[in-house]
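Before reading on, please take a moment with the sequence and the structure below. The paragraphs that follow lead from the covered parts of the fold to its nonpolar surface.

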Amino acid sequence: MSKRTVAIICGFLVALFYAYNFTAAKEVTPEHVGPFGLAWYRVVATCVIFWGISLFTKSKEKIPYRELPLIALAAFCGVGFNMVTFMWGLSLTSPISASVLMVSTPIIVLVLSALFLKERLHSLRIVGILIGFSGAALLTLLSTGEGAEAKDPFLGNILVLVNAISYGIYILLAKRLTAKYDVFMLMKWLYFFGVLIITPFGISQGLEFEITTASTETLLNIGYVVIFATFGTYMLNIIAIRTLKPSVVAVFIYLQPLLATFIAVGLDKDVITWQKLVAGLLIFTGVFLTGIKRK
């Protein structure tokens, strides 16, 4: 099997793992464990895994102290605040709405790049940004949560959008850091700071969870969110990114809401409404237009 074939399989698995994460996490929170508690489990477990792997790697690279504040900021945006707002938002909205809104991340990154990195925006990209955000606004303002246990779809969708913005800032910070430091070295410190950031918010909900009385299904869903949707997706994504072109990797990102919809509808956990469909088409159109490069 060629490296490209392996990379394509890994990219598809990443999209699939992320797609099912919307349904698996929704099954757990907030009924069995609070959203902050589930986010705390994700960060703590992944931190332990990365620090465990680092014990067996031969890298002797050290990160200078002057870079730790930047790493801490990246951890806040991409590990702590990011996961808290995502889990909180998902607990209030529907799986399909959350997965559709997450596709707006490339548009958010483009806007942030224009603001902070002075990247030029041509007219087609500006139109794409406006169309994409109009889809996000439509879904946020008109979503009813029909077909799923959505207690407050408006607030939930706002939180998922805030999560996407936070993750967009993290991408810009991580781009600089990954170019300078070993991946495992960087990730173990990111998650170390992530644990410090998220523990005050999530430890109480995490410790309230009664593992002895929880059903097997609940424990399997928590294990899936922690192992497959957090650590597993990151490891598989490394393999895909190293071999495939960014344009090919992007295709798998766009697969996530499609797969998430099939899974949620197939398991009777959500339904497709006109708001979700129209908003999805607008966001996908916006992402497509912003991805077109001028010759």
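A residue is called buried when its relative accessible area is under 20%, and exposed when that area is over 50%, with partly exposed residues in between. The model discussed here is a predicted one. By that criterion, the buried residues of helix 6 are Arg125, Gly128, Ile129, Gly132, Gly135, Ala136, Leu138, Leu139 and Thr140, and what covers them includes helix 4 (95–102), helix 5 (105–116), helix 7 (153–178) and helix 11 (274–290). Helix 6 itself comprises the 20 residues 123–142, and because a rise of 1.5 Å a residue should give a span of 28 Å, the computed 28 Å between its end C-alpha atoms agrees with expectation.

Helix 3, which runs over residues 68–92, can be examined in the same manner: its 25 residues reach 34 Å from the first C-alpha to the last, close to the 36 Å expected at 1.5 Å a residue. Helix 3 also bends by about 45° at Phe76, and it is mostly covered, with 18 of its 25 residues buried.

Turning to the surface, a nonpolar patch of about 1100 Å² is made by Trp88, Leu141, Leu142, Phe154, Leu155, Ile158, Val265, Ile272, Trp274, Leu277, Val278 and Leu281. Helix 6, helix 7 and helix 11 each supply at least two residues of this patch, and helix 11 gives the most to it, with 4 residues. Val265, another member of the patch, lies in helix 10, which covers residues 246–266; its relative accessibility is 36%, so Val265 counts as partly exposed.

Conventions:
Residues numbered from 1 in each chain as written. Predicted model: local features only at pLDDT ≥ 70, side-chain atom pairs only at ≥ 80, totals over all residues. Heavy atoms only, no water. Expected span 1.5 Å × (residues − 1). Buried < 20%, exposed > 50% of the residue type's maximum accessible area, 1.4 Å probe, protein only. Contact = heavy atoms within 4.5 Å. Patch = residues over 30% accessible without salt bridge, like charges linked within 9 Å, V, L, I, M, F, W, Y side chains within 5 Å. Areas by Shrake-Rupley, 256 points an atom, 1.4 Å probe, with all protein chains shown as cover. Salt bridge = Lys/Arg side-chain N within 4 Å of Asp/Glu carboxyl O. Bend = angle between axes of the 7 residues up to and from the residue.
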